[in-house]
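Me: Please take a close look at the enclosed spaces of this model, and describe how the elements around and beyond them are put together. I would like one connected account rather than a list.

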Amino acid sequence: MYSGEEMVGLLVDLGITHVVWIPDSTFGEWDDALSESRDLRLVQVCREGEAWAVAAGLYLGGARPLVVIQCTGLLESGDSLRNAVHDYGLPLFGIVGYRSYLNSETLPGDTCLRFTEPVLAAWDVPTVFVDEFEKKPLLGQHYRQCQQAGDAGIVLMAEGRA
Amino acid sequence: MTTSSNLLRMPLPEALQVLQAHSQDSVVISTMGAAREWAKLEPSPLDFVYVPSSMGQAPSLGLGVALAQPDRQVIVCNGDGCMLMNLGSLVTITAASPQNMVLVVMENGVYEVTGGQATVAAASRRQDGKPLQFASMARACGFKSVLEFSSLDDWTAQCAEAIKQPGPVFICLQVEPVMGDVSPRSPGPASERVRRFMEALRG
């Protein structure tokens, strides 16, 4: 959906300072561009629960973090997200990759397709879904709207392979 | 820097009082039992009693603050049970390598707030009867400075120097468990407290 260079350009334009992530097979293609950017600091974690907490600390300290994780990581990190967004009301923003959404035959029976959207809805974070090229501008729009409103937000991004 | 070989454990409240005396200008993030006791001390605007918490995430929260505020020392007071919930954070921290971060683990071998059940790192849960060594774990994960203390006298004498070691610093304090009504409580509405903390951080 986005090349690494394209994503870096977009994030810098949005004023993001730190990307807190674990790469998956789709987002991992951004690794070089994110790592080499002079305007972004990449903070890689071991497990996705750390990502929301690191992002919370960055935000409190005045940075503008972005969490980038796959839907499996969203499922794993729920308690950390709950605490940062709902206990403390922090307007954290994340990109969540929707594993195999565009190419489900690569991972037959992937239960991510069954649970990701209901779980995301349960976490009650304003979410937009980018599943085709025409919807790419939604990422920037949603970020800006959430920041303006002081809300947390998520972009659920369809992925094409497991 | 010497390591205490005394097998005694130090009382938690006193251990934290020693730390507080040397961290007046630092950010101090505390969780669980440490948060309960830290909340009883003279408050500083740069203190954050991380209650309510996502268990295990205090080191990660502290890492974020340390990265955003490299000119401030950030001290995280964590429990050993919490540390076990997020061992990966030890690696995350050393990969980011914030020189201004100090992670202090209060090791008492139990989940204090749920009634004192032993953690799986405690001697009683291990097949060989030996407790896991958090300091060794931290060393293996790449912490630049790793220290451990079980004697309050040693900690009192060496705390100031310990927290000034090249960072990130890992300190393991062997402390006595506190029994009874030990649940940490948020000393005020969470959203309000975090807003004040944020304002203090951002100056």
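Reply: A cavity is a set of points on a 1 Å grid over the protein atoms alone where a 1.4 Å probe fits but cannot get out, and its lining residues have an atom within 4 Å of a point. The model is a predicted one, in which local features need pLDDT of at least 70 and side-chain atom pairs pLDDT 80 or more, while totals for chains, interfaces and linings use all residues; side-chain values use heavy atoms, without hydrogens or water. Residues are numbered from 1 along each chain as written, and chains are lettered from A and ligands numbered from 1 in the order of writing.

The search of the whole structure returns 2 cavities of 30 Å³ or more, a volume being the space filled by probe spheres set on the points, which are joined across faces, edges and corners. The second largest has a volume of about 40 Å³, and its lining is made by Gln20(B), Ser23(B), Gln24(B), Val28(B), Trp38(B), Glu42(B), Ser44(B) and Asp47(B). Sorted by class (Ala, Val, Leu, Ile, Met, Phe, Trp, Tyr, Cys and Pro nonpolar; Asp, Glu, Lys and Arg charged; the others, with Gly, polar), this lining holds 2 nonpolar, 4 polar and 2 charged residues.

The largest cavity has a volume of about 70 Å³, and among the 13 residues that line it, those closest to its centre are Ala56(A), Asn83(A), Ala84(A), Tyr50(B) and Leu61(B). Helix H3 (48-60) and helix H5 (78-87) of chain A each contribute at least two residues to that lining, helices and strands being DSSP runs (H or I over at least four residues, E over at least two) numbered from the N terminus. The lining of the largest cavity comprises 10 nonpolar and 3 polar residues, with no charged residue.

Turning to chain B, an open sheet of 6 strands follows the order E2-E1-E3-E4-E8-E7 with parallel pairing, where two strands pair if DSSP finds at least two bridges between them. Its edges are strand E2 (47-49) and strand E7 (145-149) of chain B, each of which pairs on one side only, and the twist from one strand to the next averages 15°. Strand E1 (residues 27-30) of chain B is joined to E2(B) in the parallel sense by 3 bridges, with Val49(B) in E2(B) as the bridge partner of Ser30(B). Helix H3 (residues 58-68) of chain B lies across E1, E2, strand E3 (74-79) and strand E4 (101-107) of chain B, and it runs at about 175° to E3(B); such angles run from 0 to 180 degrees between N-to-C directions, with axes fitted as lines to C-alpha atoms, for helices over the stretch in contact. Helix H7(B) also packs on the sheet, touching E7 and strand E8 (169-174) of chain B, and its direction makes about 165° with that of E7(B).

Helix H7 (residues 152-162) of chain B packs as well with helix H1 (residues 12-21) of chain B, at an angle of about 10° and with the axes 9 Å apart. In this contact (heavy atoms within 4.5 Å), Glu14(B), Ala15(B), Val18(B) and Leu19(B) of H1(B) meet Leu152(B), Trp155(B), Thr156(B) and Cys159(B) of H7(B), a set that divides into 6 nonpolar, 1 polar and 1 charged.

The backbone of chain B has some local features to check. Most residues other than glycine have a negative phi, and most peptide bonds are trans. The bond from Val51(B) to Pro52(B) is cis, with omega near 5°, and Pro52(B) belongs to the loop between E2 and H3 of chain B. Gly167(B) and Pro168(B) are likewise joined by a cis peptide bond, with omega about 0°, and Pro168(B) sits in the loop between H7 and E8 of chain B. Met32(B), in helix H2 (residues 32-38) of chain B, has a positive phi, near 50°.

Chain A has an open sheet of 6 strands in the order E2-E1-E3-E4-E6-E5, again with parallel pairing, and its edge strands are strand E2 (41-44) and strand E5 (127-130) of chain A. Within it, 4 bridges join strand E1 (residues 18-21) of chain A to strand E3 (residues 65-70) of chain A, and Trp21(A) stands opposite Val68(A) in E3(A).

Conventions
1 Å grid on protein atoms, 1.4 Å probe; cavity = no way out; pocket = protein on both sides within 12 Å on 5 of 7 lines; lining within 4 Å.
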